[in-house]
Amino acid sequence: GIIVGGNIRCFLKLAGTDYWPDLTGKILLLEAYSGAVPQMVTFLNQLKQLNAFQKVSGILLGTFTKMQKENIVPKITDLVLKYAGESIPIAYTYEIGHGDVSKAILIGKEMHFHSK
């Protein structure tokens, strides 16, 4: 599918503007450098209220640096499952975000994912 999103905090700044993308059938990429559970709950609630999880065909989670470094629980995957629901496909990668092994990803381009 086509990738939309990026850093969750920055992406949500587009809500309500002409720059907010049509999420229908897209893959929603989410990652973050900072923030803990209260901030992520706020961001995920906002995405839920925007009907983002009803529109996208899947979610790709990159690194959530602070949460991972500090081993914060609940983990981001658990929070996303809680707000997005269990019927939506969710993938996770350490290769997108602010990690040492991060790679570039093209927002707005068609991507094909293969399971191992």
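What follows is a friendly conversation about a predicted model, with each label set against its cut-off.

Reader: Let's start with the aromatic rings. How many aromatic pairs are there?

Author: The count comes to two aromatic pairs. In one of them, the ring centres of F11 and W20 lie 4.5 Å apart, with planes at 35 degrees.

Reader: Why is the pair of F11 and W20 called tilted?

Author: Stacked needs planes under 30 degrees apart and edge-to-face needs over 60. The angle for F11 and W20 is 35 degrees, so this pair is tilted.

Reader: And what makes the pair of Y92 and Y94 edge-to-face?

Author: The planes of Y92 and Y94 stand at 85 degrees and their ring centres are 5.1 Å apart. Edge-to-face begins over 60 degrees and a pair needs centres within 6.5 Å, so both conditions are met.

Reader: Are these four residues buried or exposed?

Author: Buried means under 20% relative accessible area. F11 has 5%, so F11 is buried, and W20 is buried too, at 19%. Y92 has 30%, which lies between the cut-offs of 20% and 50%, so Y92 is partly exposed. Y94 has 54%, and therefore counts as exposed.

Reader: Now to the backbone. What is special about the phi of N51?

Author: N51 has a positive phi of about 60 degrees, although N51 is not a glycine. This residue comes just after α2, in the loop between α2 (37-49) and α3 (52-55). With a relative accessible area of 34%, N51 is partly exposed.

Reader: Which loop holds N71, and what makes N71 exposed?

Author: N71 is in the loop between α4 and α5. Its relative accessibility is 53%, and exposed means over 50%, so N71 qualifies. The phi of N71 is also positive, near 50 degrees, and N71 is not a glycine.

Reader: Where is the cis peptide bond?

Author: The cis bond joins V73 and P74, with omega about 0 degrees. P74 lies in the loop between α4 (65-69) and α5 (76-84).

Reader: How do you know that the span of α2 agrees with what is expected?

Author: At 1.5 Å a residue, the 13 residues of α2 should span 18 Å. The end C-alpha atoms of α2 are 18 Å apart, so the two values agree.

Reader: Why do you say that the buried residues of α2 line one face of the helix?

Author: The buried residues in α2 are V37, M40, F43, L44 and L47. Seen down the axis of α2, the buried residues fall within an arc of 130 degrees, so they line one face. P38 and Q49 are exposed on the other side of α2.

Reader: What covers the buried residues of α2?

Author: The cover includes α1 (8-12), β2 (27-32), α3, β3 (58-64), α4 and α5.

Reader: What makes β3 largely enclosed?

Author: Seven of the seven residues of β3 are buried, so the rest of the structure largely encloses this strand.

Reader: Which strands pair with β3?

Author: β2 pairs with β3 in the parallel sense, over five bridges. F64 is the bridge partner of A32. β4 (residues 90-92) also runs parallel to β3, joined by three bridges. There, L61 has Y92 as its bridge partner, and Y92 also belongs to the edge-to-face pair with Y94.

Terms used. Residues numbered from 1 in each chain as written. Predicted model: local features only at pLDDT ≥ 70, side-chain atom pairs only at ≥ 80, totals over all residues. Heavy atoms only, no water. Phe/Tyr/Trp six-rings, centres within 6.5 Å; stacked < 30°, edge-to-face > 60°. Buried < 20%, exposed > 50% of the residue type's maximum accessible area, 1.4 Å probe, protein only. Helix = DSSP H or I, 4+ residues; strand = E, 2+ residues; numbered from the N terminus. Expected span 1.5 Å × (residues − 1). Arc of directions from axis to C-beta. Contact = heavy atoms within 4.5 Å. Pairing = 2+ DSSP bridges.
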